[in-house]
Amino acid sequence: MRSSESDEVSAPAATAAGARAVQVRGRRAPRTFPFVLPYLPFLFLFGIFPMIYAATLAFTNDTGAWAGFGNFERTFTDYRFVPALLHILLYTGVWLSLLLVLVVGLALLLHGRANRVSTTYRFLFYLPGALAGAASVLVWLFMLDPSVSPGSFLLRNVLGSHLFVESIAPGKLPFIFAMIAFWTGAGGWIVVMYGALNTIPHDLEEAARIDGAGPVTIALRLKLPLIRKWVAYMAILSFATGTQLFVEPQLVNQASLGLVPDTWSSNQLAYQMAFRYGDFNAAAAIAVDLLAIGLFAAVLVVTRTGLFRAED
Amino acid sequence: MRHTARGFRSLILAAFALFFVAPLLWLIVAPTKSDEELVTRGTFAFGSLHQVGEAWAHLDAFSDHIYRAWIANSLLYALSATAIVLATAIPAGYGLALGNFPGRRIVLTLTLVVMIMPAAALVLPIFLELNAAHLIGSRLSVILPFSFFPFGVYLAYIYYATAIPHDLLDAARVDGCGEWATFRHIGLPLGKPVVALVFFFSFVADWNNFFLPYAVLGDSKQYPIQVGLSNLLSSTPSFNPAVGGGGQQVNIFRPELALATLLAVVPVAIVFMLSQRALVRGLIGGGVKE
């Protein structure tokens, strides 16, 4: 599930909103609670309450009695827990590096270009975003099959695989999943970074140029530091999203006929705990681990980057 | 020197354009070839339209027209949830931006936090909750969670906080409009661009969602297309020869699978084109220049 990608795209609009909202409320503010009322049951039932309920399940046993950290210990010592955790950490690490280097690099490259060229490239980079979900994984299963892939030359020589099963060998999976995620999501982030670069005042760039700075110096010493908030935002959010990986390994598990385990990622393990074993308390414990990462990242973004404001 | 740098830059950009677009081009051409031709003919060579018809006939025959049911399900889930999102998120954003009430700040903060959190983190907790409420296996167990879209509320909030002249609203009130009439006659008509934005993001997020429906639905007739695709994948021999015999029976091979994937993207492409003007104005153009 990658609905967060959609969040990324229009985030730049957020920056100035807080300040304006403050002005408004200085005057006599109308009471608008009734407008917000229909939204509240949804916020509560599908945002807040599931977290509370999962936490409750995680700290109790199947009879509803208090279990302390029992479920957490039990799942942590499960033989599949640590491998799944290592998988998603490696995957997230690879994906994050790809995003940080390539998204920022490509956005900087595009920012120096003529407008029309840059618009075309941004559009092309953004296109695969339409295929998030199972569709993108299916496309990449084809791309990884040396017998039909347009990149079969690369598969044979770089990946060393002559058969589809060799392309999805366990050691390669974190890299392949990172590439799929990069393919679908990078375009959206490039649009965000480009938008952030556009907020840099022209005079600043001009001044640096007069002082004799070349395009590379301007990109790395002037532009990059000025968009660092957005880079931090992307890194935090992607870290949290990466740890939740589910669709990609689940589909590869089905395509590989069990060669890739159905507990490859932590979220899959939680899912199996609930579905195969009916152990909802264990499933909740892992879900709470993952929720904690997501919550921590979200609170970090809200309180530290200053990109989103909700103050009075 | 300068010339080489520019050439190098163009080369990098072109290489990445190829990386992003080539798989899409392959996907568009693949259904025009038979399974055998996919292997023997050039990767981007065009086969024939007749072959596309053949692939569709096989796909449509699969499991008693279930592919059509999956697309219809996806449309039902995404459209009904997005309708609820529009009915709740637009007024909520308006109310949060232009008014005040006790608890306003906490609603905003919670909305922000849930919006920034990865959506996948909430799937199992929502599953556990729906399970306790005995809603698992019902279509409502997909539509209701989809109807909660905090990003839509935040978009509407930002829009109304920045883009609406407040004197206009005050003028309406002075003229005797109540809060509701002010929203209906001023807020809503001026909010058209943000309605288009929220529609786009909500629809696409719902359409592409795999994990939640996968977890809460049991009957394959209720699957949305994303989960249907995974079902189709398990019944083809394309990637695992072990299903070989099964593949022969259901006639689902790589061209059928490629066509199924391609058709699954079409609604997103249509919605993208419909909301494009609002998107370009909202995000790429105005969003960043203050």
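Which exposed residues does the face of α13(A) turned away from its buried side carry? They are A:Val216, A:Arg221 and A:Pro225. Keep in mind as we go that this is a predicted model.

Let's stay with that helix for a moment. Helix α13 of chain A runs over residues 215–226. Its 12 residues, at 1.5 Å each, should span 16 Å, and the end C-alpha atoms sit 15 Å apart, so expectation and model agree. On the buried side you'll find A:Ile218, A:Ala219 and A:Lys223. Look down the axis and these buried residues fall within an arc of 95 degrees, so they line one face of the helix. The cover over them includes α6, α11 and α12 (202–210) of chain A.

One of those covering helices, α6 (residues 81–111) of chain A, is home to A:Trp95. This tryptophan counts as buried because it has 25 C-beta neighbours inside 10 Å, where 20 or more are needed. Setting aside neighbours within four places in sequence, A:Trp95 is in contact with A:Ala178, A:Ala181, A:Phe182, A:Ser238 and A:Gly242. As for A:Phe59, it lies 36 residues from A:Trp95 in sequence and 33 Å away in space, C-alpha to C-alpha.

Now for the core. The largest nonpolar core has 189 residues, and A:Met193 and B:Ala156 have the most contacts inside it. Helix α11 of chain A (residues 173–198) gives the most to this core, with 17 residues. If you don't count residues up to four places away in sequence, A:Met193 touches A:Val103, A:Val104, A:Ala107, A:Ile227 and A:Trp230.

Next, where the two chains meet: the contact takes 97 residues from chain A and 101 residues from chain B. On the side of chain A that touches chain B, helix α17 (residues 280–305) of chain A gives the most, with 12 residues. That side of chain A divides into 72 nonpolar, 18 polar and seven charged residues.

Finally, hop over to chain B and its helix α10 (residues 179–190). Here too there are 12 residues that should span 16 Å at 1.5 Å a residue, and the end C-alpha atoms, 15 Å apart, agree with that. B:Glu179, B:Thr182, B:Phe183 and B:Gly187 are buried in α10(B). They line one face of the helix, because seen down the axis they fall within an arc of 95 degrees. What do the buried residues of α10(B) pack against? The partners are α3 (33–36) of chain A together with α4 (66–98), α8 (150–163) and α9 (166–174) of chain B. Turned away from that buried side, the face of α10(B) carries the exposed B:Arg184 and B:Pro189.

Technical notes
Residues are numbered from 1 along each chain as its sequence is written. Chains are lettered from A and ligands numbered from 1 in the order in which they are written. This is a predicted model: local features need pLDDT of at least 70, side-chain atom pairs count only at pLDDT 80 or more; totals for chains, interfaces and linings use all residues. Helices (H or I, at least four residues) and strands (E, at least two) are DSSP runs, numbered from the N terminus. The expected span of a helix is 1.5 Å times one less than its number of residues. A residue is buried if 20 or more other C-beta atoms lie within 10 Å of its own, exposed if 12 or fewer, and partly exposed in between; C-beta atoms are placed from the backbone. The arc is that of the directions from the helix axis to the C-beta atoms. Two residues are in contact if their C-beta atoms, placed from the backbone, lie within 7 Å. A nonpolar core is a set of buried Ala, Val, Leu, Ile, Met, Phe, Trp, Tyr and Cys residues joined through C-beta atoms within 7 Å. Ala, Val, Leu, Ile, Met, Phe, Trp, Tyr, Cys and Pro count as nonpolar, Asp, Glu, Lys and Arg as charged, and the others, Gly among them, as polar.
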